[in-house]
Amino acid sequence: MTEADLFDLIDPILVEMGSKPEDGEEYREPALDVLRYYRRPVRLHWFPVLGQALSVVAVVRQPFDLAGTAEGHRAMLNRLSLAANGRFPFAPWRASGERAVALAMTVIQLTPEPIGPEDDAILHAAFEKIPKRRAVPLGVLRVNLGQEAMAFAISGGPGNLFPEPVALADALTPKLRRYVPLIEFE
C-alpha cells in the first residue's frame with residue numbers, strides 16, 4: 001500500500017463525516033512531518049464560544065529522532081499537540097471561522113518500523129501521563145505501509161461526538177493486518 005492508497009481510503013470516510021482536508025506542514029526542530037490534516041467543527045455545548053471544539057485527524061510520519069516506545073509516542077503526541085494549537089488557534093475575538101476551545105485529535109502515524117505484538121500495549125501506555133493540553137488525543141493508529149500492518153489505541157470521547165478514531169480503525173482493519181506472529185523454527 002502506498003500513501004496515495006491510504007489517502008484514497010480515508011478521504012471519503014472523513015469527508016462524509018464532514019471533515020475538510022488541509023495541507024500538512026513540516027517542522028525541523030523538533031522534527032515533525034504532518035502530511036495532512038482533516039478538521040471538523042463539533043458543538044459540545046449550547047454556550048456559544050466555550051461549547052465549540054474541533055475534531056482533528058492528522059496523518060504524520062514517525063519522527064526520525066523518536067523511538068517506537070511509549071515515551072517516544074508521548075513525545076510525538078506532545079509535538080503534534082503544539083503544532084495543532086498553532087494551526088488551529090483559539091481566537092474567540094474572530095467574527096468568523098472556528099473558535100474551538102478544545103481539539104480532539106486522531107493520529108495516523110506512518111512508520112517504517114515493523115509492527116509487532118507489543119505495539120498495541122505500547123500505544124495504550126503512551127496515553128498514560130499525557131500532559132493536560134487543549135489538544136486531546138483520542139486515538140493513535142500506527143501504520144506500516146510496506147508491511148501492510150497496523151496497531152492502534154483508541155480512548156473514548158464524550159458521547160458520540162468524535163467517531164473518527166473508530167471509523168478509521170474499522171476502515172483500515174480489512175486492508176491492513178493486525179499483528180500476525182512469525183513462524184519460529186527451533
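In this predicted model, helix H1 (residues 3–16) packs against helix H4 (residues 164–172) at an angle of about 140°, the two axes lying 10 Å apart. That angle makes H1 oblique to H4, since over 145 would be needed to count as roughly antiparallel. The crossing of H1 past H4 is right-handed.

Who does the touching? On the H1 side the contact comes from Leu-6, Leu-9, Ile-10, Ile-13 and Leu-14, and on the H4 side from Glu-164, Ala-167, Leu-168, Ala-171 and Leu-172. Sorted by class, the H1–H4 contact has 9 nonpolar residues, 1 charged residue and no polar ones.

Now for the sheet. Here 6 strands line up as E1-E2-E3-E4-E5-E6 in an open sheet with mixed pairing. Strand E1 (20–27) and strand E6 (149–154) sit at the edges with a single partner strand each, so each has one side without a neighbour in the sheet. From one strand to the next, the twist averages 20°.

At the E1 edge, E1 runs antiparallel to strand E2 (residues 32–43), and 7 bridges join the pair. Within it, Glu-26 stands opposite Asp-33 of E2.

Two other helices lie across strands of this sheet:

| Helix | Strands it lies across | Angle |
|---|---|---|
| H2 (residues 70–87) | E1, E2, E3 (52–61), E4 (102–110), E5 (135–144) | about 130° to E4 |
| H3 (residues 119–126) | E5, E6 | about 30° to E6 |

So what does H3 cover at the E6 end? H3 lies across E5 and E6, and E6 is one of the edge strands.

Note on methods. Residues are numbered from 1 along each chain as its sequence is written. This is a predicted model: local features need pLDDT of at least 70, side-chain atom pairs count only at pLDDT 80 or more; totals for chains, interfaces and linings use all residues. Side-chain values use heavy atoms; hydrogens and water are left out. Axes are lines fitted to C-alpha atoms, for helices over the stretch in contact, and angles run from 0 to 180 degrees between N-to-C directions. Helices (H or I, at least four residues) and strands (E, at least two) are DSSP runs, numbered from the N terminus. Angles under 35 degrees count as roughly parallel, over 145 as roughly antiparallel, 65 to 115 as roughly perpendicular and the rest as oblique. A crossing is left-handed if the near helix is turned anticlockwise from the far one by less than a right angle, and right-handed if clockwise. Contact means heavy atoms within 4.5 Å. Ala, Val, Leu, Ile, Met, Phe, Trp, Tyr, Cys and Pro count as nonpolar, Asp, Glu, Lys and Arg as charged, and the others, Gly among them, as polar. Two strands pair if DSSP finds at least two bridges between them.
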